[in-house]
Amino acid sequence: MFKRSLAVVAGIALSFSAVISQAADTLKVSAIPDEAPTELLRKFKPLGAYLEKQLGMKVEFVPVADYAAVVESLAADRLDMAWLGGFTFVQTRLKTGNAIPLVQREQDEKFTSKFISADPAVKSLQDLKGKTFAFGSVSSTSGSLMPRYFMQKDGIVPEQYFSRVAYSGAHDATVAWVQAGKVDGGVLNASVWQKLVDAGKVDTNKVKVFATTPPYYDYNWTVRGTLDPALAEKIKQAFLALDPANPEHKAILDLQAASRFIPTKPENYVGIEEAARSAGLLK
C-alpha cells in the first residue's frame with residue numbers, strides 16, 4: 001500500500017513537472033485590445049509563426065478583455081510579452097517596477113492622433129464646441145491620453161467643452177461611431193486611421209481628418225521583468241531582424257503597420273507619464 005501511494009505521488013509529481021515544463025516552453029503573448037479581437041489575432045498569426053521559428057518554442061496569443069487586464073497579467077507573470085500603448089507601458093512599468101520595453105516601430109518615435117468628423121462644417125476643434133465627441137479607450141495613449149493632453153494645453157477641457165464625451169473602446173469603433181453619426185467628432189491613432197482608409201473600411205467622402213496632434217512616443221513590445229534575459233534578447237533580435245526586403249518579413253511588417261522595428265527604452269516614455277499625471281490619470 002505504501003509503495004502504491006509513493007507511485008501515485010511520483011506520478012502526480014511527474015505530471016506536474018511536465019505541465020511546468022510545457023508552460024516554460026510556451027511564450028504567452030497578448031496585446032491591448034485597441035481593435036476588434038479577430039483583427040488582433042489576424043495581425044499576430046504570421047508574427048507568432050515567425051517568432052516560433054526564431055525562438056524554437058511555442059508562441060501563444062492570449063486575448064484579453066480590456067487594457068487593465070494586460071497590465072495585471074504582465075504584473076502577475078501570466079503573460080510573457082505584450083503589445084502596449086505608451087500609457088499602458090507606463091502603467092505596467094509603475095506597477096511592476098521592472099517591465100522591459102524591447103522594440104517599437106520606427107513611426108512610434110513620432111506617433112500622432114487624428115481628429116475626425118463627418119460634418120463638413122467642422123474644420124477645427126472650435127467647430128465642435130457644444131457637440132458630441134468620442135475618445136477610444138480611457139487607457140489608450142493615442143485614442144485618449146495624448147489628444148486630451150494637447151487639448152488641455154490649448155485650454156480645452158473635454159467634459160466642459162463638448163455636450164457629451166463618450167468612449168468607444170477601440171480606434172475602429174470610434175471611426176464607425178463618427179461615420180454613423182453617433183457622435184459629431186472623434187480621435188484615433190494615425191496608424192489605424194490609415195489602415196482603415198487603405199482597406200476601404202471608411203468612407204473618406206464622408207469622414208474627414210480635420211486636425212493632427214503634435215508627435216509623441218507610443219506603442220512598444222514589452223516583456224515582463226522576470227523573463228529570462230537571454231530569451232528577452234533573442235526576442236528583441238528577432239524583431240530587429242525583420243527585413244522589409246524579404247517578402248515573408250514584409251508581410252509580417254505590413255500587418256504590424258511597421259516599416260521596421262527599432263530598439264526602445266523606458267526613458268522614451270517619460271513624456272507619456274508626465275502627460276498622464278497632468279491629466280490626473282496617475283496619482
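**Notebook: strands, sheets and selected residues**

Entry 1. The five-stranded sheet

I began with an open sheet of five strands, whose order is 7-6-8-5-9 and whose pairing is mixed. Strand 7 (164–167) and strand 9 (208–212) form its edges, each pairing on one side only. From one strand to the next I noted an average twist of 30°. The model I am reading is a predicted one.

I then looked at one pairing inside this sheet. Strand 6 (residues 132–135) pairs with strand 8 (residues 185–189) in the parallel sense, over two bridges. In this pairing, Phe 133 stands opposite Gly 185 of strand 8.

Which strands does helix 7 touch? I found that helix 7 (residues 171–180) packs on the sheet and touches strand 5 (113–117), strand 6, strand 7 and strand 8. The direction of helix 7 makes about 155° with that of strand 8. Helix 8 (residues 190–198) also packs on the sheet, where it touches strand 5, strand 8 and strand 9. For helix 8, the angle with the direction of strand 8 is about 100°.

Entry 2. Strand 3 and its partners

I turned next to strand 3, residues 81–84. Strand 1 (residues 26–31) runs parallel to strand 3, and three bridges join them. Strand 10 (residues 220–223) pairs with strand 3 in the antiparallel sense, over four bridges.

I checked whether the faces of strand 3 are covered. Met 81 and Trp 83 lie on one side, Ala 82 and Leu 84 on the other, and all of these are buried, so both faces are covered. As a general point, side chains in a regular strand alternate between the two faces of the sheet.

Entry 3. Ser 30

Ser 30 belongs to strand 1 and stands opposite Ala 82 in strand 3. Is Ser 30 buried or exposed? I recorded Ser 30 as buried, because its relative accessible area is 0%. Beyond its neighbours within four places in sequence, Ser 30 is in contact with Phe 61, Val 62, Pro 63, Val 64, Leu 79, Met 81, Ala 82, Trp 83 and Trp 221.

Entry 4. Leu 84

Leu 84 is in strand 3, where it stands opposite Asn 220 in strand 10. Leu 84 counts as buried because its relative accessibility is 0%. Which residues does Leu 84 touch, leaving out those up to four places away in sequence? I listed Ile 32, Val 70, Leu 74, Phe 89, Thr 92, Tyr 219, Asn 220 and Thr 222. I also looked up the separation of Leu 84 from Ser 140: the two are 56 residues apart in sequence, and their C-alpha atoms are 9.4 Å apart in space.

Entry 5. Leu 47

I then examined Leu 47 in helix 2 (residues 37–55). Leu 47 has a relative accessible area of 0% and is therefore buried. Its contacts, setting aside neighbours within four places in sequence, are Trp 221, Phe 239, Leu 242, Ile 252 and Gln 256. Trp 221 is thus listed among the contacts of Leu 47 and among those of Ser 30. Between Leu 47 and Gly 143 I noted 96 residues in sequence and 25 Å in space, C-alpha to C-alpha.

Entry 6. Positive phi values

Most residues other than glycine have a negative phi. I noted Asp 77, whose phi is positive, near 65°. Where is Asp 77 found? It is in the loop between helix 3 (67–75) and strand 3. Asp 77 is partly exposed, because its relative accessible area is 39%.

Ala 257 likewise has a positive phi, near 55°. Ala 257 sits in the loop between helix 10 (247–255) and strand 11 (261–263). With a relative accessible area of 28%, Ala 257 is partly exposed.

Entry 7. The chain as a whole

I closed with totals for the protein chain. Its secondary structure comes to 11 helices and 11 strands. The C-alpha atoms fill a box of roughly 85 × 45 × 35 Å along the principal axes. Of the 283 residues, 46% count as buried.

Among contacts between residues at least 6 apart in sequence, 78% join residues at least 24 apart. The chain exposes about 13,500 Å², of which carbon and sulfur atoms supply 56%. What separates the mean positions of the 33 positive and 30 negative charges? I recorded a distance of 3 Å between them.

Key. Residues are numbered from 1 along each chain as its sequence is written. This is a predicted model: local features need pLDDT of at least 70, side-chain atom pairs count only at pLDDT 80 or more; totals for chains, interfaces and linings use all residues. Side-chain values use heavy atoms; hydrogens and water are left out. Buried means under 20% relative accessible area, exposed over 50%, partly exposed in between (1.4 Å probe, protein chains only). Contact means heavy atoms within 4.5 Å. Two strands pair if DSSP finds at least two bridges between them. Axes are lines fitted to C-alpha atoms, for helices over the stretch in contact, and angles run from 0 to 180 degrees between N-to-C directions. Accessible areas come from the Shrake-Rupley method with a 1.4 Å probe; for residues, only the protein chains shown count as cover. Lys and Arg count as positive and Asp and Glu as negative; His and the chain ends are not counted. The place of a charge is taken as NZ of Lys, CZ of Arg, CG of Asp or CD of Glu.
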